Amino acid sequence: MLSEVLLVSAPGKVILHGEHAVVHGKVALAVALNLRTFLRLQPHSNGKVDLSLPNIGIKWAWDVARLQLLDTSFLEQGDATTPTPELVEKLKEVAGLPDDCAVTESLAVLAFLYLYLSICRKQRWTKEDLELINKWAFQGERVIHGNPSGVDNAVSTWGGALRYQQGKISSLKRPPALQILLTNTKVPRNTRTLVAGVRNRLLKFPEIVAPLLTSIDAISLECERVLGEMGEAPAPEQYLVLEELIDMNQHHLNALGVGHASLDQLCQVTRAHGLHSKLTGAGGGGCGITLLKPGLEQPEVEATKQALTSCGFDCWETSIGAPGVSIHSATSLDSRVQQALDGL
Ligand code: MEV
């Protein structure tokens, strides 16, 4: 059982192109961001072990002796693609979660407990371990929005820049180090409802909506081609193409019915600073991305961030292509992360 502090981080991620279309079998391009979420498991001399997930405000403590007494043989039989209700019940019992615990929180704790009991005891993860993590993250997605494509969990697990289509994943070989703004409009949205809305629109207007999905697929492919070219031989014109693709996709997503006034505002504000944005993920609020082209002066970036913040949005400047889920040594973390882990 655990004798030292265990630290795990996972990257933030965005879908560059292909959200919603990917649910209908089209290609999506997704990238891991250099913005990470952390988890810490810390044993104490009083026989307790603390779980801290500061990014979602969870702190939990277990008795090490109780965990040691556990019969974990049920974990060996569990195929991560189909965790049985019995397995989930058993984990709940072990976790000691209250009945009224929010579904996302309880899922985060359960998924963690499962991973800890089965693979976190190791100090390095193999490809098989990562596959298991990915499958469990997919199950989490299923609980949250029913019919996920699998792109979100895949990019958080594997990191980098991925092309994703119907469970088939390939990594972009040399993705360029694009700088972006990630903006959270803070407008709450429900992915399950938005995904269902697109499906209904497709059923209602197949002749209109199917070509939109095909066009989004073509945008993803064109973006993949340009990113490949940028990795080999970067040129300023490539950014103009990326900007056009962003604009076209944003219009398509609006036509699919997943836009929102806050996202329109985000696009207008960044446009006033000469920058191009689109929603990322489910839409209906949530987050948007803005491409920062090279040569942009830092004061201009700051002015754009300031303008977005004045709209009530949260805004981060970051780059794409970060590593996937990782284990860290306690000494390798910067002090801000340590503070966040301690500060709950
Ligand atoms: C949500 O982040 C992305 C969607 O395409 C849904 C999915 O792929 O499961 C809207």
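Here are two short exercises on the ligand site and a pocket of this structure.

This is a predicted model, where local features need pLDDT of at least 70 and side-chain atom pairs count only at pLDDT 80 or more, while totals for chains, interfaces and linings use all residues. Residues are numbered from 1 along each chain as its sequence is written, and side-chain values use heavy atoms, with hydrogens and water left out.

**Exercise 1.** Work out which residues are around the ligand and what polar contacts its oxygen atoms make with H20, S149 and D152.

*Solution.*
- Step 1: collect residues with a heavy atom within 4 Å of the ligand. You get I15, E19, H20, V22, V23, H145, P148, S149, V151, D152, G281 and A282.
- Step 2: look for polar contacts (pairs of N or O atoms within 3.5 Å). A polar side-chain atom of S149 sits 2.6 Å from a ligand oxygen. For D152, a side-chain N or O atom is 2.7 Å from an oxygen of the ligand. H20 joins in through its backbone, with a polar atom 2.9 Å from a ligand oxygen.
- Step 3: check the burial. On its own the ligand exposes 300 Å², and the protein buries 96% of that (Shrake-Rupley, 1.4 Å probe).

**Exercise 2.** Describe the second largest pocket: what is its volume, and which element gives the most to its lining?

*Solution.*
- Step 1: take the volume, about 290 Å³. A pocket is an open set of points on a 1 Å grid where a 1.4 Å probe fits, with protein on both sides within 12 Å along at least five of seven lines; lining residues have an atom within 4 Å of a point.
- Step 2: list the lining, which includes R36, F38, H328 and R336.
- Step 3: β2 (28-43) and α12 (335-342) each give two or more residues, and α12 gives the most, with three.

Methods
Polar contact = N/O pair within 3.5 Å; in protein donor to acceptor, adjacent residues only side chain to side chain. Points joined across faces, edges and corners; volume = space filled by probe spheres on them. Helix = DSSP H or I, 4+ residues; strand = E, 2+ residues; numbered from the N terminus.
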